[in-house]
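Work through the exercises below with the sequence and the model at hand. Each task is followed by a worked solution.

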Amino acid sequence: MAELPRGANAPLPWRRLAATVSCAVPVDVSALIVGADLKARADEDLVFYNAPEGAGVRWSQAAGGGQRLDLDLDAVPADAQAVLIVVSLTGPVSFGAVPPPQLQLAADNGTTLATFTVTGLGPEKALLGLELYRRGTGWKVRALGQGYAGGLAELLTAHGIEVDDPGEPMAPPPPGPGLGAPGGGAPPGPHGASPHEVGYAERCWLVWEDASRSLKAYRSATEHALDIRNDEVAGRVPRGRFDELMRAASDRLTADSSHLAAELTGAEAQAGAEVSPFAGPAWLTWQPRPDLAEGVLLGSLGVAELPALQVPLILRVPWRRGVWISRGTLPGDAAAYAWSLITRFLAAVPPGLVGLEVIDHAGLSGAGWLNGFDPVAVQGLLGGGVATGPAAGQRLRSLLDLVDLRGVGGDENETPAGLAPGPPVRLAVIMDAGAALDGEDAHHLLRLVEDGPLVGVPVLLVESDTPASESVRALRVRQACNNLPAATGTIADPWVGTDWTLTPDVLPDAGDGTRPPSLFAHVLGAHARAIASYG
């Protein structure tokens, strides 16, 4: 059993649960099924004594006269992101006048999974107790403890439920056993898997999701507090409640931030060089991998309200979509970031798996230094060198022939005419992608981006010189890619749409991309030596 402090969260290894509340005075217990914005999707998403059945939630009268919510998380609709457990009082009494209520969350076999004692309450007559929310493919529980002095009507209105008469408290439930009271018989077994460790990349994504949801809840709470302040200024309510709500929201966010930062720190021991900053010690001992890594580090994510939390943004490998690097603030920013990602990509794969196919239609990206490496490496790992001018179009068409060959089940070791023999995976690097999309091979490039990554031809497009046009083809290419800023820029999280600032992690000597970074040369050389040692 875990006693959760306010703001803390814990995994839920079970899918069938029961939520109850202990309090010195009678309380009503209800549930809200909400989307990513913490708003109910419809009035039917409120489950309480007068509407005891919802999607994955059932209200009933518990033994001893209390109330109980039975939850089947597998039955919660896919477009619902969370279930909020709500506790409310009727009449003039507030939570500040009674001992703190305690929420209990148990598995359906009676095993207590978490408890939360909601302390520090004052004039509140309703509160959000627990949040059960999706986390990747699983679920977690968070202790909220956010109170509402306006009672249940104020809480429901803040979360998208229309209340006909906000001044009229809801009637108490009827006496006796309620609808859906659990019958006898042995409880079914657990529906969830036991908690297990996840990899570092997965951990970073889960922390980012938790932080995004916590930030969304904080912003929602502050919006509600601002509404209260307007009422205070207008003299409709006594002053002081706004300050209380803002302090509570800030305390919850700080607690969440500290918990998530500690979670990241505890997982750093799992991080290999490919997901570590270039300035970190992991690169000092890097050796070629015997297997495929989880992903590659793109940079760190931050947001103003969470100054102490920097979340690593990791792109999984193999790449299932193209990657587009936008033009940066300074000339050469995009190329420098591209060579940083290429270095990480090579570090994340075993030698002999990946080779580079660098295409520069205009020949102005400054990548010609690749041709100066050892001829064996140029021929075996670099596709014979950088393709420019007419050779760029030919290389692109040859890569499409490779994609088509694999699309019909051809031998992965078979090489079409125009491609140098090399590793099975070909990372196509399109320098000056804006110019390439304006040229006669633009339709070939679109096909490569859409079809290549799924058959072992991932694509990295670098907007290094010519800005990409707003043509339909250019927009389609970018829509098929993960879009990254070359310099500090904004990325929205995929769960609630919060904007985060991404600071790319770039090789310290990448410059403007016109000279070989030393770490790239080291990684490429290690691959070449390892391949040579295979005989």
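The exercises go from the whole chain to a helix pair and then to one residue of this predicted model.

**Exercise 1. Describe the overall build of the protein chain.**

Step 1. The secondary structure consists of 10 helices and 23 strands.
Step 2. Along the principal axes, the C-alpha trace spans about 85 × 60 × 45 Å.
Step 3. Of the 535 residues, 53% count as buried.
Step 4. Take the contacts between residues at least 6 apart in sequence: 73% of them join residues at least 24 apart.

**Exercise 2. Determine how helices H8 and H9 are arranged relative to each other.**

Step 1. Locate the helices: H8 covers residues 442-451 and H9 covers residues 472-479.
Step 2. Their axes are 9 Å apart and form an angle of about 20°.
Step 3. Angles under 35 degrees count as roughly parallel, and H8 and H9 are therefore roughly parallel to each other.
Step 4. The crossing of H8 past H9 is left-handed.
Step 5. On the H8 side the contact is made by Ala442, His443, Leu446, Val449 and Glu450; H9 contributes Arg473, Arg476 and Val477.

**Exercise 3. Work out the surroundings of glutamate 232 and identify the nearest side chain of opposite charge.**

Step 1. Glutamate 232 belongs to helix H2, residues 200-233.
Step 2. Glutamate 232 is buried.
Step 3. The nearest side chain of opposite charge is arginine 239, 4.9 Å away. A salt bridge requires a distance within 4 Å, and glutamate 232 has none.
Step 4. Leaving aside neighbours within four places in sequence, glutamate 232 is in contact with Val237, Pro238, Arg239, Gly240, Arg241 and Phe242.

Definitions and conventions. Residues are numbered from 1 along each chain as its sequence is written. This is a predicted model: local features need pLDDT of at least 70, side-chain atom pairs count only at pLDDT 80 or more; totals for chains, interfaces and linings use all residues. Side-chain values use heavy atoms; hydrogens and water are left out. Helices (H or I, at least four residues) and strands (E, at least two) are DSSP runs, numbered from the N terminus. Buried means under 20% relative accessible area, exposed over 50%, partly exposed in between (1.4 Å probe, protein chains only). Lys and Arg count as positive and Asp and Glu as negative; His and the chain ends are not counted. Contact means heavy atoms within 4.5 Å. Axes are lines fitted to C-alpha atoms, for helices over the stretch in contact, and angles run from 0 to 180 degrees between N-to-C directions. Angles under 35 degrees count as roughly parallel, over 145 as roughly antiparallel, 65 to 115 as roughly perpendicular and the rest as oblique. A crossing is left-handed if the near helix is turned anticlockwise from the far one by less than a right angle, and right-handed if clockwise.
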